[in-house]
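Here is a walk through one protein model, from its backbone oddities to its cores, rings and largest pocket. Keep the structure open beside you as you read.

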Amino acid sequence: MKILFYDTKSYDRESFEAVADRFPSVEIDYLEADISVKTARLAMGYDAVCVFVASEVTADVIGILKKMGVRLILLRCAGFNNVDLERCAECGITVMRVPGYSPEAVAEHAMALALAVNRRIHKAYIKVRENNFSLMGLTGTNFHGKVAGIIGTGKIGSAMCRICRGFGMEVIANDAYHNPELDFVRYVSLDELISKSDLISLHCPLTEETYHLVNSDTISRMKNKVILVNTSRGALIKTEDLIAGIRERKFAGVGLDVYEEENENVFENREDDILKTSITARLLSFPNVIVTSHQGFLTAEALSAISETTLENAVSFENGEPLACNTVRAEAAV
C-alpha cells in the first residue's frame, strides 16, 4: 500500500513515523503542499492519498485521482464535509476517516476556551507582561452552579458533558440520539437549551440541518452574557450574525477554534500576509473573543491515535476488509 501524504506538518510526520514499524506493508511519501487540481497529479502510482480537515477534495480533484489510479482517500480527521462523497462513489474511490481519536483532547480545549474568555486570561496575560497589575476588565463569573448546554453528544460532546459536570454545572443537551451513559444529562429541545444555558458548546457535525445553527434568531433567544464555544465546524455559526451579537454585548465571551474563514489560515503562518477579508480581524478585535487555529485535536495522545487508526484503515482496505465504522458513504454527505 503506497500512500501520498498531503499537507505535511512536522508533528504529522513525527506521529506517523513513530508507529510506522507496526505497519510494514505501508509505504508513505510526504508532501508539504496540500491537495489541489495541480498537486493531485502527483498521486500517479499511489494506492491512496492522505488528507486533513482543511483539504478541499473537490469533484475535479477526485476525477484526477481516479485517472492517477488512486483507490482510497484517507482522512486523518473525523469530519468529511470537505470531500465530495458523491463524486468519490462515482469514481469507485473509498473514503475512510478517524471517527474517534481523542474526544477528551477537543473537549478539554473547548473548556479551556470557555475558561479563558470567562476569566479574561488572554487580557490578563498581556496586561501583566506590560507590568499592568490592575484587575479592571478582568471580572468573570463562577461556572459552578451554572447551566452548560451541549449541542451534540457524540464522543466529544459526551466528554464535554462530563467536564462540565466536574465543574459543578447543571448539564443539558440536544441531540437526536440520547446517550444512555450520560445519566446526569437532561436532554431538551434546541429552543430550551439556547434560552437556558449560561455556556453553550457546539459539538455537532456540519450538515444541511446544522449549517448556520447559530444565527441572529438563535442568538436573540440566548441569555444575555452567555458564553459560546465552537470546536466543531466553523459554518455552524453565521459569522456576520455572531459579530452583530458581540457588538450588541450579547456575549460574555466567545471562544472559537473553528470559524468560517479559516481554510486559508488554519495551520499556516500568515503573520507577514495581508488577509483578503476582514472577518478574522474583526473577530480578533473584540476583547471578549479568543480565536485559536483549529488546535483542539493537537495533543500527543490524539496524534498517536490518528496515526494508528489511519494506517489501520489503509491495511484493512488493502486486505479487502475496510472497517465499516470508519468508511464514509455518499449518503452521509452534507
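Is Arg 120 buried or exposed? Arg 120 counts as buried, because its relative accessible area is 14%, under the 20% limit. Bear in mind throughout that this is a predicted model.

## Positive phi outside glycine

Arg 120 has something else going for it: a phi near 55°, which is positive even though the residue isn't a glycine. You'll find Arg 120 in the loop between H4 and H5. As background, most residues other than glycine have a negative phi.

His 212 plays a similar tune, with a positive phi of about 55° in a residue that is not a glycine. His 212 sits in the loop between strand E9 (199-202) and helix H8 (216-220). With a relative accessible area of 16%, His 212 is buried. Then there's Arg 249, which follows H9 and has a positive phi near 60°.

## The largest nonpolar core

Now for the greasy part. The largest nonpolar core has 38 residues, and the ones touching the most other members are Ile 35, Val 49, Leu 65, Ile 73 and Tyr 101. Several elements each chip in at least two residues: strand E3 (48-51), helix H2 (59-68), strand E4 (72-75), helix H3 (85-91), helix H4 (103-118) and helix H11 (300-318). H2 gives the largest share of this core, five residues.

What is Ile 73 in contact with, leaving aside its neighbours within four places in sequence? The list runs through Val 49, Val 51, Val 57, Leu 65, Cys 88, Ile 93, Thr 94, Val 95 and Met 96. Two of those names, Val 49 and Leu 65, also turn up among the residues that touch the most other core members.

Apart from this core lies another one, made of 30 residues, including Leu 236, Ile 243, Leu 283 and Val 289.

## Helix H9 and its packing

Ile 243 takes us to helix H9 (residues 239-247), where Ile 243 is one of the buried residues. The others are Thr 239, Asp 241, Leu 242, Gly 245 and Ile 246. As for what they pack against, the buried residues of H9 meet H8, strand E10 (226-230), strand E11 (251-256), helix H10 (279-284) and strand E12 (289-291).

## Aromatic pairs

How many aromatic pairs does the structure hold? There are four. One of them joins Phe 5 and Tyr 30 in a tilted arrangement, 5.0 Å centre to centre with 50° between the planes. This pair links distant parts of the chain: Phe 5 belongs to strand E1 (residues 2-5) and Tyr 30 to strand E2 (residues 27-30), 25 residues apart. Phe 5 is buried, at a relative accessible area of 0%. Tyr 30 is buried too, at 19%, so it falls just within the cut-off of under 20%. Ring pairs also bring in Phe 16, giving a cluster of Phe 5, Phe 16 and Tyr 30.

Another pair, Phe 143 and Phe 167, is edge-to-face, at 6.5 Å centre to centre and 65° between the planes. Here too distant parts of the chain are linked, with the partners 24 residues apart. Phe 143 is in the loop between helix H5 (121-129) and strand E6 (147-151), while Phe 167 is in the loop between helix H6 (155-166) and strand E7 (170-174). Phe 143 is buried at 7% relative accessibility, whereas Phe 167 is partly exposed at 33%.

One more ring deserves a look: the charged end of Lys 2 sits over the ring of Tyr 46, 5.0 Å from its centre.

## The largest pocket

The largest pocket holds about 1100 Å³ of space. Its lining counts 44 residues, with Arg 97, His 203, Cys 204, Pro 205 and Ser 232 nearest the centre. H4 and H6 each supply at least two lining residues, and the largest share, three residues, comes from H6.

## Lys 155

Helix H6 is also home to Lys 155. Lys 155 is exposed, at 56% relative accessibility. Its C-alpha atom is 9.2 Å from that of Ala 107, though the two residues are 48 apart along the chain. Leaving aside neighbours within four places in sequence, Lys 155 is in contact with Gly 100 and Pro 103.

Note on methods. Residues are numbered from 1 along each chain as its sequence is written. This is a predicted model: local features need pLDDT of at least 70, side-chain atom pairs count only at pLDDT 80 or more; totals for chains, interfaces and linings use all residues. Side-chain values use heavy atoms; hydrogens and water are left out. A nonpolar core is a set of buried Ala, Val, Leu, Ile, Met, Phe, Trp, Tyr and Cys residues joined through side-chain atoms within 4.5 Å. Buried means under 20% relative accessible area, exposed over 50%, partly exposed in between (1.4 Å probe, protein chains only). Helices (H or I, at least four residues) and strands (E, at least two) are DSSP runs, numbered from the N terminus. Contact means heavy atoms within 4.5 Å. Rings of Phe, Tyr and Trp (its six-membered ring) pair if their centres lie within 6.5 Å; planes under 30 degrees apart count as stacked, over 60 as edge-to-face and the rest as tilted. A charge sits over a ring if NZ of Lys or CZ of Arg is within 6 Å of the ring centre and within 35 degrees of the ring normal. On a 1 Å grid over the protein atoms alone, a cavity is a set of points where a 1.4 Å probe fits but cannot get out, and a pocket is an open set with protein on both sides within 12 Å along at least five of seven lines; lining residues have an atom within 4 Å of a point. Grid points are joined across faces, edges and corners, and a volume is the space filled by probe spheres set on the points.
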